[in-house]
Amino acid sequence: MSKILPLIELQDLDTQLRDINELLGDLPKKVDKLRFEEEGLINDVKEGKVRLKEIELSLNKAEHQMADLKEKINKLKDQLSLVTSNKQYDALTQEIEYLKQELDEVELKDLEFEEEKETLSNDINEKEENLESLSNDLSVRRVKLEQLMSESAENKSALEKERDKKLVHIDESVLSRYMRISTAREGLAVVNLEGSACGGCGFVIPPQDVTDIRDKDNFYNCDICSRFIYYKK
Ligand SMILES: [Zn+2]
């Protein structure tokens, strides 16, 4: 029986397990991210609607103020024709000017509120549409992710069982060397010979060792990264 083959198979299982673990770690984060996005939109829409109500009240108030001011101004203008002295006339025109200025200010504010109202309404509409599609998307994705997660969990336990069976065929000292390298080298302890270089770190292997790796079924470790190197026939 080949000496290196069980190690290659062990590496293959460990790589698959690592991928599954990464996936299992990532999936809940993805669902959380969607949920977070949804909550953000819900909150924005809620706050937007509160502000919209405030604006409506302010607009209402401004409309009343404008009507009041216009009425006052018209009354004063009517009085202008009845005055008998210059002094009275000046006093009235001065008051009219003052009220007109006030009216200008209220009209300006009214305009600003109208603009804000329009922008905010558009924004809310857009967000409500996004929210609707996001909520649909979220529930579909959530179901898919849950499916994927339970499949991955099943896969994982099958791979772990297979791994346990493999371990029986590997010498204990070799296994502990494998584990040490795997831990030090981000889960990759067994690599292919690529041309005449180590498939892990790229170190060029001396020609005699390349021949050995190709022809003999021995354990060979890279001088630089310590990984087991094998030759894929
Ligand atoms: Zn190497």
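This is a short tour of the structure, from the paired helices to the small sheet. Keep in mind throughout that the model is predicted.

**Stop 1: the two domains**

Start by colouring the protein chain by its domain assignment, which gives domain 1 as 19-166 and domain 2 as 176-230. If you place a centre on the C-alpha atoms of domain 1 and another on those of domain 2, the two centres lie 61 Å apart.

**Stop 2: helices H1 and H2**

Now select residues 5-80 for helix H1 and residues 86-167 for helix H2. How do they pack? The angle between H1 and H2 is about 165 degrees, and their axes are 3 Å apart. Since angles over 145 degrees count as roughly antiparallel, H1 is therefore roughly antiparallel to H2. Look along the pair for the handedness too: the crossing of H1 and H2 is left-handed. Next, colour the contact of H1 with H2 by residue class, and you will find 38 nonpolar, ten polar and 29 charged residues there.

**Stop 3: helix H3 and the residue after it**

Move on to residues 172-184, which make up helix H3. Here is a quick check with a distance tool: the end C-alpha atoms of H3 are 18 Å apart, and this agrees with the 18 Å that its 13 residues should span at 1.5 Å a residue. Just past H3, click on Glu-186 and read its backbone torsions; phi is positive there, at about 50 degrees.

**Stop 4: the sheet**

Select strand S1 (residues 190-194), then add S2 (197-198) and S3 (228-230). In what order do the strands lie? The order is S2-S1-S3, in an open sheet with mixed pairing. S2 and S3 are the edge strands, and each has a single partner strand, so one side of each has no neighbour in the sheet.

Take the S1 and S3 side to begin with. These strands run parallel and are joined by three bridges. To follow the register, show Val-190, which stands opposite Phe-228 in S3, and then Asn-192, whose bridge partner in S3 is Tyr-230.

On the other side, S1 and S2 run antiparallel, with two bridges between them. Pick Leu-193 here, and you will see Cys-198 of S2 opposite.

**Stop 5: the hairpin**

Finish at the turn between S1 and S2. How many residues lie between the strands of this hairpin? There are two, and Gly-195 in the hairpin has a positive phi near 65 degrees.

Key:
Residues are numbered from 1 along each chain as its sequence is written. This is a predicted model: local features need pLDDT of at least 70, side-chain atom pairs count only at pLDDT 80 or more; totals for chains, interfaces and linings use all residues. Axes are lines fitted to C-alpha atoms, for helices over the stretch in contact, and angles run from 0 to 180 degrees between N-to-C directions. Helices (H or I, at least four residues) and strands (E, at least two) are DSSP runs, numbered from the N terminus. Angles under 35 degrees count as roughly parallel, over 145 as roughly antiparallel, 65 to 115 as roughly perpendicular and the rest as oblique. A crossing is left-handed if the near helix is turned anticlockwise from the far one by less than a right angle, and right-handed if clockwise. Ala, Val, Leu, Ile, Met, Phe, Trp, Tyr, Cys and Pro count as nonpolar, Asp, Glu, Lys and Arg as charged, and the others, Gly among them, as polar. The expected span of a helix is 1.5 Å times one less than its number of residues. Two strands pair if DSSP finds at least two bridges between them. Domain bounds come from an automatic or database domain assignment.
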